Structure formats: C-alpha cells, structure tokens
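User: Hey, got a minute to walk me through this one? I'd like to go piece by piece.

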Amino acid sequence: MEFGIVELSRLQFALTVMYHFLFVPLTLGLSILVAIMETVYVITNRPIWRQMTKFWGTLFGINFVLGVATGITMEFQFGMNWSYYSHYVGDIFGAPLAIEGLMAFFLEATFVGLFFFGWDKLSKVGHLVVAWLVAIGSNFSALWILIANGWMQNPVGAEFNPMTMRMEMTDFFQVLFNEVAQAKFVHTVSAGYVTAAVFVLGVSAWYLLRGRHIEMARRSITVAAAFGLASAFSVVLLGDESGYNTTHSQKMKLAAMEGMWETEPAPAAFTVFGIPDQEARKTHYAIHIPIAMGLIGTRSLTTPIPGIAQLVDQAETRIKSGIIAYDALMHIRKNRDDSNPLEVKRFETHSADLGFAFLLKKYLDDPRQATPEQVQQAANDTVPTVWPLFWTFRIMVALGFAFIATMIYFFYRASFKGMRFPRPALHLAVWMIPAPWIAAELGWFVAEFGRQPWTVDGILPTAMSVSALSMTEVTLTLIAYIVFYTVLFVVEMGLMLKYIRKGPFQDVEETDAWVKRHNERLTGRRNADSLAQPAE
Amino acid sequence: MILHTLIDYEILRVIWWGLLGVLLIGFAVTDGFDMGVGALLPFVAKTDIERRVAINTVGPVWEGNQVWFILGGGAIFAAWPPLYAVSFSGFYLAMFVILAAFIVRPVAFKYRSKREDARWRTTWDWALFASGAIPALLFGVAVGNVIQGVPFHFTEDLHSIYEGAWYMKFIGLLDPFSILAGVVSLSMLVMHGGAWLTLKADGNVRYRARRIGSVAALIALLSYALAGVWMAFGIEGYQIIGDYVTNGPSNPLHFDVAKTASWLTAYSDRPWIAIAPLMGFVGGLLTFVGLRAGREVSTLLFSKMSILGVISSVGLTMFPFIMPSSSDPQSSLTVWNSSSSHMTLFVMLVATVIFMPMILAYTAWVYKVLWGKVTEADVTDNSNSLY
C-alpha cells in the first residue's frame, strides 16, 4: 500500500480520535457516579459522601478538561483534513454536531464551572441539580455524536442532489432514530459507565491495600460495583444489539469481523479462534462453535449470513451500476437548465450505487473509462483487512465478559460479605484499571476500521474524502499533535496520580469527626475503630 | 416531511446568515473577555496571588464561554458546509495554531494551580497569555483576509482547492491590511478583558486592567477607523452579476461574480447599516471613558456594544458575500449559494429556537450566582478549590 495523503490523514484522524477517546468514557461514567454520590449525600446528610463527591469530582475535573480540549480537534479536523467529506455530507452530518453543541455541550460546560466553584454559593439541592446537569449534558453529548457516527455507518434519511454535488437530508427523523445510532449510543455510554466503575473500584482497592481512606474506599466500591454490574451487563447485551444491526446494515463489516470468507449454510458457526489469511481467503486453525453466529447475527436458524466472496461479487455489480449513475450525472450536470428526463430517470434508477463508482476514482479520474480489471480491483477494495478486525473484536468481547465477572464478584462481597475483600481480589482490581480503556479503544477500532474503504458506508469512499493538502502540511500537524498530546498526557497522568496519592483533601476534619461518631454509634463503644483493618 | 416549506429557503438563508453573526458575536463577547484576560495576564498581575485573582474571575465561566466557539464551528458545518470546508482546509496552518491555543487554554486554566511549584505555574501563565493573545489576533487576520478575498477555487465536483504553496496558508495571510484587522480584534478583546477585570477583580489587578484596557480601547478605535479608510480607498469589493436566484441549489459555480471598486458602496445602497460602525465607535469611546472613570457594569456593556458593532459592520458591509474568492471570483461563497439544504436549515432553526433561549437563561443564572468580585482574600481562603 502506498502511503499518501489519504493514509496520512487517516493516521492523524485515528490518533487524535483515539486520544480523545481516552478521556471520554471516564467523563461519561464518572459524571454519573459523582452525581450518585452527591445524591446519597443530600439524602443522608452524611459528610463522608460530600467528601467522596469532591474527591472523585477532582479526578473527574482533571480528566474532563482534556476530553473537552481534545474534542475541539475532532470538530476542526473534518474541515481541515476532510474538506470534501465536509462538503459532501455536511448537510446531514453537521446537524447532529451543531445540535450537540446547543443541547448538550453548553449544558455540561456551563454547569461544570459551578460544580467546582459553587459549593458555597448554592443550596445543597441546588448543587446536586448542577451535578446531575453536568452528567446529563455529557451523556447527551455522546448521543448526538453517535447519531452523527451512526449515519456514517448506516446513511438513512438522505439522498444525492446532482445540482449541489452532495448528499442532502430528506428525513431528519430517520437520521435521529437510526437504529444503528441508537444501539451505538447505549453501547458506548455503557462502556463509559464500566470504565468509570472499574476506575473507582481499582483506585479504592488501592487505598484498601494501603490501609488508607478506608471509609471512603469501601463506600466507593459499593457504589462502583453496583453501578458497574448493571453497566457491564448492558455493555455486552447492547453490544450484541449493535452486532445484530450490523448484520443488515454493514454485511461486509460483519463478515470481516468473523473472518467469514464464504457464505455458510444457515445457521452459521462462530469462529472463536483462528488466523485469518487475506490472500488465500481462509481462516487457518479455526475453532468453531456451531450455530452460534447464525443466532447472534440473525436471531434465526434459517437466515444465511453472506460471506466475503459473495459480498465482493455484489460490490462488482453495484460498481457497474454506479458507473451508469455517474454517466447520467455528467449529462445532467452539463445541461443543468434543460436536463433530459431520460437521463434524470437513468440517474434515479442507479443513484444508490453512485458511491461505488467513486471507488474507481482511486485508479482513474473518469470511472466510465474503467477496465474490467479495475472494476474487479475496486470490488476487492471493499473488503477491509480482516485480521485486525477479527482479533480486536474478540479481545473486546473477552474483556466485556471479564468486567461482568469482576463486578459480580465485588458486588457480592460488598453486599453479602460485609464489605470485606481478600487482598488478591483487590490487587486484581488495581491491575484491571487499564482494561476498560483497552476495550473501548478496540471497540472504536472495530467500528471505524471495519467501515473501510468508506467514510460513509456505500456513499463516499475514504480516498475521496480528503482535503487538497500537501504531505508537508499534514506531516507537520501530525508531528505537532504527537508532541503536544504526549506532553499533555504526561502532565495529565502526573496530576491524576498526584491527586490519587494525596487522597481526599477537602472537608477532612468534619468528615473524620463524623466517621468517628458514626462508628461509635455502630459499635456502642468509645474509640472503637472496627472498620479500620485494611483487608482480610 | 414538508414542514420545512413553511419558511422560504431564501428567508432561512438570511436567518442563518444572521445566526452566524449571533454566534460570532456571542463568542466574542463571552470568550472574548477570557482571551482578553489571558492576553492581559502578565501585565495586570505580577505576583502569584494577583494572577490567581485574575484567572479566577474567569475560572468558573470560561468553559461555558468556549462552547460559543465550538457551537460556531458546528453551526458553520451544519448550515454553511462549503464555508466550513473551504475555510478550515484553506487556512490550514492558521487553523491549527488557533486549535492548539484552544487545546492549551482549558488545560492551563485547570492545571495551573494544581501544583505549588513556581516554574510550573509560570509556564502555564505563559500558556494562558499566548492562548489568549494569539487567537485574538488571528481571528482579526482571518477577517482581514476574507474582506480582501481568499485565493481558492472549486472544481466541477466541488472539491475546494486553495491556491499557493502550503506555507502561504500561514505567512500568506499576514498582509498589511489583515495585520491591521488583527490589531483591531486583539485590542478590542484586550479592552473587553480590561472591562471584565474592572468589574470582577479588585486591588492592583483592577487598577492595572483599567489603565491598560483604556489604552487598548484607544488603539481599537484608531485601528478600526484606519481599516475603514483603507477599505474606502484601497480594498476591492465583490458583487454578483447577471441574473441569479436566491432560493436555488447551493452551488457556487452557478453564479457569476465580479470585483468592484470598494465594499463601501454598500453604505450608499443600504444607508441604515451605518448604525453598525457607529455602535462600534460609540461603544469603544464610552468604554474608554468608563475605564478611565472606573465605572463597572456600564463599561462592560459598552464594550459589548462596541464588539457587536464592529463584527456586524463586517457582515453587513459584505452581504450577501460570506467568503469571496480573489483568484476565481466565480467560486465566491455567498448567502445564496453556500448554505445547507432547505430542510437542514429548517431543522437547525427549530433546534436553535428551542435551545438558545434555554442556554441564555441558564448562562445568565450562572453569572448571577457567581456575581461579585474575586478578591485576594477569596483566593487565600479557598486555595484548594480555586484555580
């Protein structure tokens, strides 16, 4: 593969979006966890819950700000590096981004300042409302972004306008209630909740291992395990819903994720392990579970799932049909004031395949001149590279099940074993902290790499979407991003670790006094510190 | 869905042209004082405690203010996709610099006071200064370029191509007129930052902010006047020629455009638009007087009025042009040829009508809760929780 402006722009987008996505999941989940903690504080009036709110709130703030800052990059990047994409689908894609600003981002950003600075300026309930508004704002943000992303995966409610050379919206509600977008939204926010739960669990486990801030850590674990349990189940179940949607909206992505080279008789088997070989179109050393894939993908025993070979054949047909659409488009454009109704009819018949003709633009300027070999080549291009998809998907799923197991265990210990946790389990919880980030990044990878070679599935190829820039410019900004983002990452991690080591530092006296009184009440003895053992 | 035909395409386009202005002005009057405070930081605050006073006047609100900028970008993307595509890729390196500033600034606010180390804090103070002053300057430079026309053209497929070598997307932008426009925007936002600090800070910070802010107000007035004279005698304007429709498909190549002697002929065609520059001048003058006299609320309001006047004067003078092309006038972007579709403009308008009043209401409420000065005592007493 030659490395040109398209590949460089893709690399830049992947790096900046994956970096952005290091901060987003924690923001989504921690905003809610913090709001839950503050709710407990307002209901019970126990100062320790306020201290917990402030402590986890501080960590939330350190993370939140980088999510905000790196999010701006994303919004700029469409116009900077993908200007043809912006022109071609801005009519649909821009709307959810703008509504995200109006409905969600203003909300979270306006109130996040008050969350940190308003403790003395607001009533208790007032401040609680602010905390929830920040959480709701963050989560609505995710909704609109995923409506935009869902449209790239499953472009509904829009059609091509030959006069403006772009896609235009025909039905906003189809864009809004796109089933792919909805499934992605719930899957992604659940992933964020799991991330925050694992984070709170891990950090609290570390305190227990050290014998520090035990009261706060135990309560935090209880909240995190309950919240995490629900989220871990929902992330896996709703991920399955995403997969089910993929079966009809993006058949090629599904086939590539599963390494399904040929259509198998229904119900297809699920390949647990294997080494996909793109050249030979085979998966070596495959281990299958019979029937499973058919059930997951189609929820039936009789519907077949098309394999890669069959999908390539379909793509070839669509490319040929797209060339007709392209030809008609050229005629319509040439005589725009007086277009031939026959050409218009011809265009309308084939316009759904116009994007497939654009796949040829990689090889020649005018798709109408393409040789049969070039058509075949373009059809083969519709297959994404299989092995990275095959593997990232499986690791993500395995991690999903690991989260469920962890959360069940901690929930059980917290609820029925008097919040006593064995040391190995606490160690495991600490080591688990990076896992949700890995799973989230892999999930993003599966969704976006699996969409290749398209930016908008079946509509606009990635190769056509880029700006007319020089290699120098994009290389320059790429290097700047890498340097810049690395520095920020080191700074962020440094602060995060500093504040975790420091522990809760606000309202310390008041909370300690309350904890002491509370424990006395519980045990009926003076100076008893029953819960002060680090762990079993 | 046929609901969108309730409002004419042409009218929707004009409304969205107006909303683009509202967003830019909203950004300039809110985030503008954040940038102004950043640009003033090294000069109005010498000690750590003074710097924290200055920073904490904007501490709780900069994040919400910055959303005007993000929403501005989103709205251009949604309502004016060709403008978004051409300007963001055309001003590539300049955009990157602005972007870098908008990434550094939040981090600098948030992280600056999280460590005691003096070097750590000084570094972030410089970051705040640069990320306030540089974009404040570059926004004006960009406007200066747009007024003169930008060298780009569209291909038949509507790929936008920017003329010239890559480094021209930064250095090429810095011609004398555009630098003057940059001085207008920088001094205007410094003036605005000065007015904000006069209201929200006290002691030395407030005193210095008044002094420097009033100098900035004078510079803003003079450079704005100079730019007006320059436009009257030295800058060409653009106009659409031949027959055209205002509710047709958004394709710039369907229009014919030619250069004219000056943009300012707009003032003889539509004399009422003179109210915009007038507001710019009067507002600037009253801000100057207010800063000298140490008045607070009224000064900030006059400063806002000045910004409103200056920004709308640019838009009203150029109407219906949004971004003319100097190298291929036919590719110029106007209100009539570079909007989203009829339906998208309508959907976005509905969203704006629903959410904008809510945003204004809760933003006003937040400012009300935070009403009052930030003093050195506040910073010392809440050292842990403040920036």
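**Strands, contact and a helix**

Analyst: Sure. In this predicted model, strand β3 (residues 270-277) of chain A pairs antiparallel with strand β4 (residues 282-289) of chain A over six bridges.

User: What stands opposite A:Thr271 in β4(A)?

Analyst: That's A:His288.

User: And the hairpin of β3(A) and β4(A), how many residues sit between the strands?

Analyst: Four, and A:Arg281 in that hairpin takes a positive phi near 50°.

User: OK, next pair. How do β1 and β2 of chain A run, parallel or antiparallel?

Analyst: Antiparallel: four bridges join β1 (residues 158-161) to β2 (residues 166-169) in chain A. One pairing there is A:Phe160 with A:Met167 in β2(A). The two strands form a hairpin with four residues between them, and A:Met165 in the turn has a positive phi of about 55°.

User: Switching topic. How many residues does each chain give to the contact?

Analyst: Chain B gives 61 residues and chain A gives 62.

User: Which elements of chain B give two or more residues to the side that touches chain A?

Analyst: Those are α3 (62-79), α4 (81-90), α5 (92-111), β2 (160-162) and α12 (342-369) of chain B. By class, that side of chain B has 40 nonpolar, 17 polar and four charged residues.

User: Last thing, α14 of chain A. What span should its 31 residues have?

Analyst: At 1.5 Å a residue, α14(A) (residues 386-416) should span 45 Å, and its end C-alpha atoms are 45 Å apart, so the two agree.

User: And what's the phi of A:Gly418, which follows α14(A)?

Analyst: A:Gly418 has a positive phi, near 60°.

Note on methods:
Residues are numbered from 1 along each chain as its sequence is written. Chains are lettered from A and ligands numbered from 1 in the order in which they are written. This is a predicted model: local features need pLDDT of at least 70, side-chain atom pairs count only at pLDDT 80 or more; totals for chains, interfaces and linings use all residues. Two strands pair if DSSP finds at least two bridges between them. Two residues are in contact if their C-beta atoms, placed from the backbone, lie within 7 Å. Ala, Val, Leu, Ile, Met, Phe, Trp, Tyr, Cys and Pro count as nonpolar, Asp, Glu, Lys and Arg as charged, and the others, Gly among them, as polar. The expected span of a helix is 1.5 Å times one less than its number of residues.
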